Amino acid sequence: MTSPTDLPSSETIRVLHDRVSVRRFSEKDVSEDHVEAVLRAAFRAPTSSNIQSYSVIIVRDADTKAALATAAGNQGHVARTPVFLAFCADLTRIELASKRNGHELADNNLEVGLVSSIDASLVGMAAYMAADSLGLKGVMIGGVRNNPRDVARILGLPHRVYCVYGMCLGWPAETPAQKPRMDYQYVVHRERYDEAATAAAVDAYDPALAAHYRASGRQTTDDSWSHDMAAKFHPPLRDNLRADLKSLGFDFR
Ligand SMILES: Cc1cc2nc3c(=O)[nH]c(=O)nc-3n(C[C@H](O)[C@H](O)[C@H](O)COP(=O)(O)O)c2cc1C
């Protein structure tokens, strides 16, 4: 196997390899030009059947950020971030196009919900990397799905728009050590899925993550990742989500 350092590389690959979530920011302003440059680049992301079913809310107001921080599960970095971007799945334009052609968007099924959420996610990731390439760092905030209705109210989202995830963005005031990833050899399969890779991946990753956390001064168990995942998904995570998203106009049925 080729050593990772001997693989082809590029500026984009280097940016991706260096990426890490950042939750502390300097006071320095993030200009509107920077945000616009990031979002205009991100909107070149591929979009399923060209539906472009996303909208982004740029939030700078301190009270709005504080309210979002609470809704996202009391995440202080959301209140303290210079800019918060809300990446939303947005069916309003599809609904308008449908109505203009004599149809209702009653058929708002799982595919529509998934496709619009994937679209919003691709734009968000593209924005994240565009920002990173300018030296702007941040972290995605899935905590907004703790309380989707509160988030919709805070952001004034109309029916058929929900915030898939948010993003804190700013000039970094920390350089966190990178969290290790699972071994390439267990995550990538050749020709057919290798089920033996599942246990091998977890067995190798638990001690690697434990070592990372301990080196960062964070307490953990020896089965660090397994322990955290079991705790996170038991009892089921965000059990209210289907009902909340339905009330916002996404049936996911
Ligand atoms: C969709 C998504 C939602 C996330 N939500 C949160 C969040 O609500 N709060 C937070 O602090 N980090 C959040 N993160 C960041 C992850 O915790 C982080 O990416 C992961 O632990 C790996 O660390 P790294 O990004 O530094 O490599 C989220 C990441 C993603 C992709």
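What is the volume of the largest pocket? In this predicted model, the largest pocket has a volume of about 1300 Å³. Among the 35 residues lining that pocket, Ser21, Arg23, Lys179, Arg181 and Tyr213 are the closest to its centre, and the elements that contribute two or more residues to the lining are α1 (11-18), β3, α9 (196-215) and α10 (224-232). By residue class, the lining of the largest pocket comprises 15 nonpolar, 9 polar and 11 charged residues.

The ligand is located in this largest pocket. Around the ligand there are 13 residues, of which Ser21, Arg23, Gln75, Gly142 and Lys179 come nearest, and this shell divides into 4 nonpolar, 5 polar and 4 charged residues. Strand β3 (residues 137-141) supplies the largest share of the shell, namely 3 residues.

Polar side-chain atoms of three residues approach the ligand as follows.

| Residue | Side-chain atom | Ligand atom | Distance |
|---|---|---|---|
| Arg23 | polar atom | oxygen | 2.8 Å |
| Gln75 | N or O atom | nitrogen | 2.7 Å |
| Lys179 | N or O atom | oxygen | 2.6 Å |

On its own the ligand has 610 Å² of accessible area, of which the protein covers 67%. Arg23 and Lys179, which each place a polar side-chain atom at the listed distance from a ligand oxygen atom, are also among the lining residues closest to the centre of the largest pocket, whereas Gln75 pairs with a nitrogen atom of the ligand.

How values were computed
Residues numbered from 1 in each chain as written. Predicted model: local features only at pLDDT ≥ 70, side-chain atom pairs only at ≥ 80, totals over all residues. Heavy atoms only, no water. Near = heavy atom within 4 Å. Polar contact = N/O pair within 3.5 Å; in protein donor to acceptor, adjacent residues only side chain to side chain. Areas by Shrake-Rupley, 256 points an atom, 1.4 Å probe, with all protein chains shown as cover. 1 Å grid on protein atoms, 1.4 Å probe; cavity = no way out; pocket = protein on both sides within 12 Å on 5 of 7 lines; lining within 4 Å. Sits in = over half its atoms within 2 Å of the grid points. Helix = DSSP H or I, 4+ residues; strand = E, 2+ residues; numbered from the N terminus. Nonpolar A, V, L, I, M, F, W, Y, C, P; charged D, E, K, R; others polar. Points joined across faces, edges and corners; volume = space filled by probe spheres on them.
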